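Please open the model in your viewer and keep the selection panel at hand. The stops below go from one pair of strands outward to the sheet, the helices and the core.

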Amino acid sequence: ENRPDCPAASLVSLCFGSEKPRFREEKRDGCLRLDAVDCSFLAELSHTLNAPQQRAVRRALCAVDAAIVHGPPGTGKTTTIVAFILEAAYRKHRLLVTAPSNVAVDNLLERVVKTGLQSVVRLGHPARVQDELHRFTIDNVVYNSDQAALCRDLKKEIDDALKSRGRKSSKGAADRRSNEELAALRKELRQRERRAVAEVLKRTQVVFATCAGAATLHREIRSKGGDVAGSWGFDVVIIDEAAQALEVACWIPLLLGRKAVLAGDHQQ
């Protein structure tokens with residue numbers, strides 16, 4: 001069902017052929033349109049691109065619903081996508097960057113962080129992430145957050161309570177009170193752990209994941225009763241190596257964004 005409150009509502013209509021792709025006009029001298037897009041390059045990388053790559057970045061910036069960056073191997077599609085990520089990030093957009101494989105996601109993440117952009121997080125099991133990128137994984141970022149510090153304090157409190165109970169031989173009402181206190185502490189710990197993950201995901205500007213791994217975001221939204229169109233939504237969803245991805249896997253990240261930028265080899 002194409003719900004109007006879904007951020008990807010217009011994208012769904014576009015993909016199923018009921019709407020045509022829309023592009024805003026690029027702001028130039030003499031342009032009077034209020035919705036024209038300023039495509040002046042803010043990222044140093046964008047100035048090093050060749051003319052077709054720069055046109056692709058500008059086209060993606062002007063897209064309302066979707067843009068496609070395509071070409072054969074060796075034409076610099078990934079470099080173009082990295083430049084677009086930086087341009088969108090410098091414009092305060094929130095991005096979900098995906099690809100069908102962990103290798104492709106790590107390649108994008110590695111290139112982006114080398115430019116100095118630090119508000120990034122990588123979803124997925126650390127064992128599937130390159131060693132040098134572990135510091136950007138959700139587990140590591142959450143571990144270093146303020147909420148995680150509170151979680152560690154709670155765990156210590158639970159451990160101390162268990163040790164104290166082991167030294168005592170209380171029964172009856174006292175034992176029930178002890179169990180209730182432990183249950184309350186464990187419940188609070190679970191809530192704080194979920195809150196820590198949610199806070200990291202909400203405040204991070206660029207989230208990286210495989211297409212399937214983006215399901216983590218859907219689970220977080222459901223567990224929080226959140227609004228996809230609100231603080232959980234993304235301004236742009238990017239799928240690199242899109243021609244290698246299954247359509248059903250692509251819909252996992254696409255439904256979280258207002259605009260999609262797909263890159264790949266159209267002959268694959």
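**Start at two paired strands**

Select strands E3 and E4, which pair in the parallel sense over three bridges; two strands count as paired if DSSP finds at least two bridges between them, and helices (H or I, at least four residues) and strands (E, at least two) are DSSP runs numbered from the N terminus. This is a predicted model, in which local features need pLDDT of at least 70 and side-chain atom pairs count only at pLDDT 80 or more, while totals for chains, interfaces and linings use all residues. Residues are numbered from 1 along each chain as its sequence is written, and side-chain values use heavy atoms, with hydrogens and water left out.

Within this pair, look for Val121, whose bridge partner in E4 is Val207. Now add strand E2 (95-99), which runs parallel to E4 and is joined to it by five bridges; here Leu96 has Val207 of E4 as its bridge partner.

Stay on E4 and show its side chains. Which of them point one way and which the other? Val206, Phe208 and Thr210 point to one side of E4, whereas Val207 and Ala209 point to the other. In a regular strand the side chains alternate between the two faces of the sheet. Five of the five residues of E4 are buried, buried meaning under 20% relative accessible area, with over 50% called exposed and values in between partly exposed (1.4 Å probe, protein chains only).

**The whole sheet**

Next, display every strand: the open sheet has six of them, in the order E1-E6-E5-E2-E4-E3, with parallel pairing. E1 and E3 stand at the edges with a single partner strand each, so one side of each is left without a neighbour in the sheet. From one strand to the next the twist averages 15 degrees.

**Helices on the sheet**

Select helix H4 (77-90), which lies across E1, E2, E4, E5 and E6 and runs at about 165 degrees to E2; such axes are lines fitted to C-alpha atoms, for helices over the stretch in contact, and the angles run from 0 to 180 degrees between N-to-C directions. Helix H10 also packs on the sheet, touching E2, E5 and E6, and its direction makes about 155 degrees with that of E5. In H10 (residues 247-254), the buried residues are Ala249, Cys250, Trp251, Pro253 and Leu254, and their cover includes helix H1 (9-15) as well as E2, E5 and E6.

Move to helix H5 (residues 102-114), where 13 residues at 1.5 Å a residue should span 18 Å, a value that agrees with the 18 Å between its end C-alpha atoms; the expected span is 1.5 Å times one less than the number of residues. Its buried residues are Ala104, Val105, Asp106, Leu108, Leu109, Val112 and Val113, and they pack against H4, E2, E3 and E4. Just after H5, Gly116 takes a positive phi of about 105 degrees.

**Into the core**

Colour the largest nonpolar core, which has 40 residues, those with the most contacts inside it being Phe84, Leu95, Val120, Val206, Phe208, Ile238 and Val261; a nonpolar core is a set of buried Ala, Val, Leu, Ile, Met, Phe, Trp, Tyr and Cys residues joined through side-chain atoms within 4.5 Å. H4 gives the largest share of this core, eight residues. Apart from it lies another core, of 30 residues, among them Leu201, Ala209, Trp251 and Leu254.

Centre on Phe84, which touches Val57, Ala60, Leu61, Leu95, Val236, Ile238, Lys259 and Val261, leaving out residues up to four places away in sequence; contact means heavy atoms within 4.5 Å.

Finish at Ile81, which is found in helix H4 and counts as buried because its relative accessibility is 0%. What does Ile81 touch, not counting residues up to four places away in sequence? The residues are Val69, Leu108, Ile238, Val261 and Ala263. Ile81 and Val261 are 180 residues apart in sequence, yet their C-alpha atoms are 8.6 Å apart in space.
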